[in-house]
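Work through the exercises below with the model open beside you. Each task is followed by a solution that goes step by step.

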Amino acid sequence: MSLTPEAVREVTFDKAPFGKRGYHEDQVDDFLDRVEAALSGRIALTVAEVREIAFDAAPRVKRGYNEDQVDEFLDSVAAELQARAVEDALKVIPANSEAPYLPLPPAPPGTRGYHPTDVERLAHLLDRAANEHGAGPTAEQVEGLRLGLSAYPGQGYHPEAVDAIKDAWLAVLRRR
């Protein structure tokens, strides 16, 4: 079952158990607004952003949201975003192309992206996987391809986008 914007809008959490402060409700609600917008396609939100979010404790005079319930829900959000990234990655690779085509975004400022030469090697390997059923590369060969990082932040290809495409193709190759 996929997670929908409506499900995010309707989710509720219990109060933290007595003796615990729990997560600050306003911060959780604000982040869930971002999640809903991302699932609706209005903004971009990455799996890493979901995994790295940290909420303050609720004010001392008020119990906040149950931390375990919020964390479990955020795990389902991360899984949904990853599944969507994999699905999107599979849509952008045309089969039977003469040259591999991967419409990849550049690395964001402050992030070292994957080196273009390594990503090109991956693109050629995936092109063979798309066109040489049975004779093309195996999942182990694609998984074993190591991608180096660019020398400076802001150079190369966005690591999460490349990883999503690689993960999508690994799933396809393992099903073959």
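**Exercise 1. Decide whether Leu-74 is buried or exposed, and find where Leu-74 lies relative to Arg-51.**

Step 1. Leu-74 has a relative accessible area of 6% and is therefore buried, where buried means under 20% relative accessible area, exposed means over 50%, and partly exposed lies in between (1.4 Å probe, protein chains only). Accessible areas come from the Shrake-Rupley method with a 1.4 Å probe, and for residues only the protein chains shown count as cover.

Step 2. Leu-74 is found in helix α4, where helices (H or I, at least four residues) and strands (E, at least two) are DSSP runs numbered from the N terminus. Although Leu-74 and Arg-51 are 23 residues apart in sequence, their C-alpha atoms are 7.6 Å apart in space.

Step 3. Before going on, note that this is a predicted model, in which local features need pLDDT of at least 70 and side-chain atom pairs count only at pLDDT 80 or more, while totals for chains, interfaces and linings use all residues. Residues are numbered from 1 along each chain as its sequence is written, and side-chain values use heavy atoms, with hydrogens and water left out.

**Exercise 2. Identify the salt-bridge partner of Arg-51 and state which parts the pair ties together.**

Step 1. Arg-51 forms a salt bridge with Asp-75, with 3.3 Å between the closest N and O atoms; a salt bridge is a side-chain nitrogen of Lys or Arg within 4 Å of a carboxyl oxygen of Asp or Glu.

Step 2. Because Arg-51 lies in helix α3 (residues 47-52) and Asp-75 in helix α4 (residues 67-91), the pair ties together parts that are 24 residues apart in sequence.

Step 3. Arg-51 counts as exposed at 52% relative accessibility, whereas Asp-75, at 44%, counts as partly exposed.

**Exercise 3. Describe the salt bridges Arg-84 to Glu-80 and Arg-121 to Asp-118, with the spacing of each pair along its helix.**

Step 1. In the salt bridge between Arg-84 and Glu-80, the closest N and O atoms are 2.7 Å apart, and both residues lie in helix α4, four residues apart, about one turn of the helix.

Step 2. Arg-84 is partly exposed at 28% relative accessible area, while Glu-80 is buried at 10%.

Step 3. Arg-121 and Asp-118 meet through their side chains at 2.9 Å, N to O, and they lie three residues apart in helix α5 (residues 116-131), again about one turn. An α-helix has 3.6 residues a turn, so residues three or four places apart point the same way.

Step 4. Arg-121 is partly exposed, with a relative accessible area of 42%, but Asp-118 is buried, with 12%. Elsewhere, salt bridges that share partners join Lys-15, Glu-25 and Lys-62 into one network.

**Exercise 4. Check the span of helix α2 and list its buried residues.**

Step 1. The expected span of a helix is 1.5 Å times one less than its number of residues. The 15 residues of α2 should therefore span 21 Å, and the end C-alpha atoms are 21 Å apart, which agrees.

Step 2. The buried residues of α2 are Glu-25, Val-28, Phe-31, Leu-32, Val-35, Glu-36, Ala-37, Ala-38 and Leu-39.

Step 3. Just after α2, Gly-41 takes a positive phi of about 85°.
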